[in-house]
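Please open the model in a viewer and keep the selection tool at hand. The tour below proceeds from one selection to the next.

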Amino acid sequence: MQLLKRTLIAASLALLATQAMAEVRIQDDRSKTITIAAKANRVATISFFGADVALAVGARPVATTFMVPGRNPDYLGDFSKVANLGQRAAPNFELLSQAKPDLIVAIRRYTEKHAAKFEKLAPYAAFDLETYADADPSIVKVATALGKAKEGQALNQQFQADAQAFAKKAPKTKPSYLFIWGGGEAPWTYYNEHMTPAILNKLGAVNAAGGNPTPNVKDNTAFEMSLEAMLAANPDHLFVYDYGPDRPYETNPIWQQLKAVKNGNVHYVKDHWIESHGPIARQVVLREAANLLHPATFPKVNAKAIGKQYIKL
C-alpha cells in the first residue's frame with residue numbers, strides 16, 4: 001500500500017512538472033501575466049506586429065487586422081490565407097473566433113477596453129508599440145510565447161548591428177525631416193521617440209519636430225502641426241504616410257512653399273512605416289529610409305524582397 005501511494009504521488013508530481021514545463025508565461029504592457037498552455041501555434045494579431053514576429057521566427061499567423069482595406073503587407077509575403085479581421089481599431093470578433101487562435105497579440109491602446117472579449121477567445125497580450133524602446137522587449141515576449149525566445153533575442157541583436165552598420169556608412173550631412181500622417185488641415189507629426197523617427201535619426205537625420213515634451217504621458221508620440229509651423233521648420237524631407245487620398249493640407253498654398261516640396265523630397269511611405277516595431281518591418285524601414293535620405297550612398301530597395309530574407313517558415 002505504501003509503495004502504491006508513493007508511486008501515485010510520484011506520478012502526480014511528474015504530471016504537474018510536465019504541465020508546468022508546457023506552460024509559457026509572458027507579461028504584457030498592462031503588467032498582466034499571460035499564460036499559454038503550450039507554445040502558441042495559431043497567432044492572431046491586432047496590427048501587423050504579431051504577424052511580423054511570428055513570420056520572423058518561423059510561425060504563420062492565422063488572422064490579422066489591416067491598415068488600409070484591400071492593401072496587403074507585401075513585406076510580410078502572401079496573406080491570402082490569413083483571415084482579414086478588418087481595421088485595427090475595430091476588429092471583427094466573429095472572424096477572430098472562427099480563426100481559433102491560441103494567442104492574440106494586440107496594440108494596447110486599441111484593444112484594452114475589449115480585453116474581456118478577447119480573453120474569452122484566447123490568451124490576449126497587449127503591447128504599447130509606440131516608442132523605439134517598446135520594440136525589443138515586445139519582440140522577445142511574443143517570440144517566447146511562440147517557443148522561440150532565443151530567436152527573438154537574436155532578431156534584436158541583428159537589428160542593432162545592422163542599424164549601427166548603416167549609421168556608420170551614412171554621410172554626415174544631417175538632413176532634416178518631418179514624418180507625418182493625417183487627413184486634416186494639420187497633419188499629425190511624430191516626435192523623436194516614435195519608432196520610425198528613431199530609425200531615421202540613427203541614419204544621421206534630424207527630426208524638425210524634436211522630442212516629446214511630455215515623455216511620461218502615454219500615447220503621446222505625435223501632435224498636430226500647422227502648415228505655418230511646418231514652413232517655419234522647413235525640413236529637407238517630408239515622409240508622408242500614404243493612408244489614402246484625403247490630404248487637404250496638400251492643397252494649402254503654404255504646402256507648395258515647403259523646401260521638401262520644391263525639391264521633390266516628399267516621400268509617400270506605406271503601412272510598415274507606421275507599424276514599424278516588428279523585426280521585419282524595422283529592417284525594411286531602415287533600408288528604405290537610408291536610400292531616401294542618402295540616395296548616392298544607399299541603393300533603392302524592394303520591401304517584398306527584404307521581407308523574404310527575414311521570413312523563416
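Is Tyr177 buried or exposed? The model is a predicted one, and in it Tyr177 has a relative accessibility of 0%. Because buried means under 20% relative accessible area, Tyr177 counts as buried.

**Aromatic pairs between two strands**

The structure holds 15 aromatic pairs. To view one of them, select Tyr177 together with Phe239: this pair is edge-to-face, with 6.1 Å from centre to centre and 70 degrees between the planes. The pair links distant parts of the chain, for Tyr177 belongs to strand E8 (residues 176–181) and Phe239 to strand E12 (residues 237–241), 62 residues apart. Phe239 is likewise buried, at a relative accessible area of 0%.

Next, select Trp181 and Tyr241. Their ring centres lie 5.0 Å apart and their planes stand at 90 degrees, so this pair is edge-to-face. Here too the pair links distant parts of the chain: Trp181 is in strand E8 and Tyr241 in strand E12, 60 residues apart. Tyr241 is buried, with a relative accessible area of 2%.

Now return to Tyr177 and Phe239 and add Phe179, Tyr190 and Trp273 to the selection; these residues form one aromatic cluster.

**A charge over a ring**

Select Phe93 and Lys117. The charged end of Lys117 sits over the ring of Phe93, at 4.1 Å from the ring centre.

**The largest pocket**

Which residues are the closest to the centre of the largest pocket? Select Lys270, His272, Glu288, Val301 and Ala303, which hold that position among the 18 residues of the lining. The volume of this pocket is about 400 Å³. At least two lining residues come from each of strand E13 (266–269), helix H11 (279–293) and helix H12 (303–310). By character, the lining comprises 7 nonpolar, 4 polar and 7 charged residues.

**The second largest pocket**

The final stop is the second largest pocket, which contains about 320 Å³ of space. Its lining has 20 residues, and those closest to its centre are Arg88, Arg109, Glu130, Trp181 and Tyr190. Two of these names have appeared earlier on the tour: Trp181 is the partner of Tyr241 in an edge-to-face pair, and Tyr190 is one of the members of the aromatic cluster. Colour helix H4 (108–111) and strand E9 (188–190), since each supplies at least two residues of this lining. The lining divides into 9 nonpolar, 6 polar and 5 charged residues.

How values were computed
Residues are numbered from 1 along each chain as its sequence is written. This is a predicted model: local features need pLDDT of at least 70, side-chain atom pairs count only at pLDDT 80 or more; totals for chains, interfaces and linings use all residues. Side-chain values use heavy atoms; hydrogens and water are left out. Rings of Phe, Tyr and Trp (its six-membered ring) pair if their centres lie within 6.5 Å; planes under 30 degrees apart count as stacked, over 60 as edge-to-face and the rest as tilted. Helices (H or I, at least four residues) and strands (E, at least two) are DSSP runs, numbered from the N terminus. Buried means under 20% relative accessible area, exposed over 50%, partly exposed in between (1.4 Å probe, protein chains only). A charge sits over a ring if NZ of Lys or CZ of Arg is within 6 Å of the ring centre and within 35 degrees of the ring normal. On a 1 Å grid over the protein atoms alone, a cavity is a set of points where a 1.4 Å probe fits but cannot get out, and a pocket is an open set with protein on both sides within 12 Å along at least five of seven lines; lining residues have an atom within 4 Å of a point. Grid points are joined across faces, edges and corners, and a volume is the space filled by probe spheres set on the points. Ala, Val, Leu, Ile, Met, Phe, Trp, Tyr, Cys and Pro count as nonpolar, Asp, Glu, Lys and Arg as charged, and the others, Gly among them, as polar.
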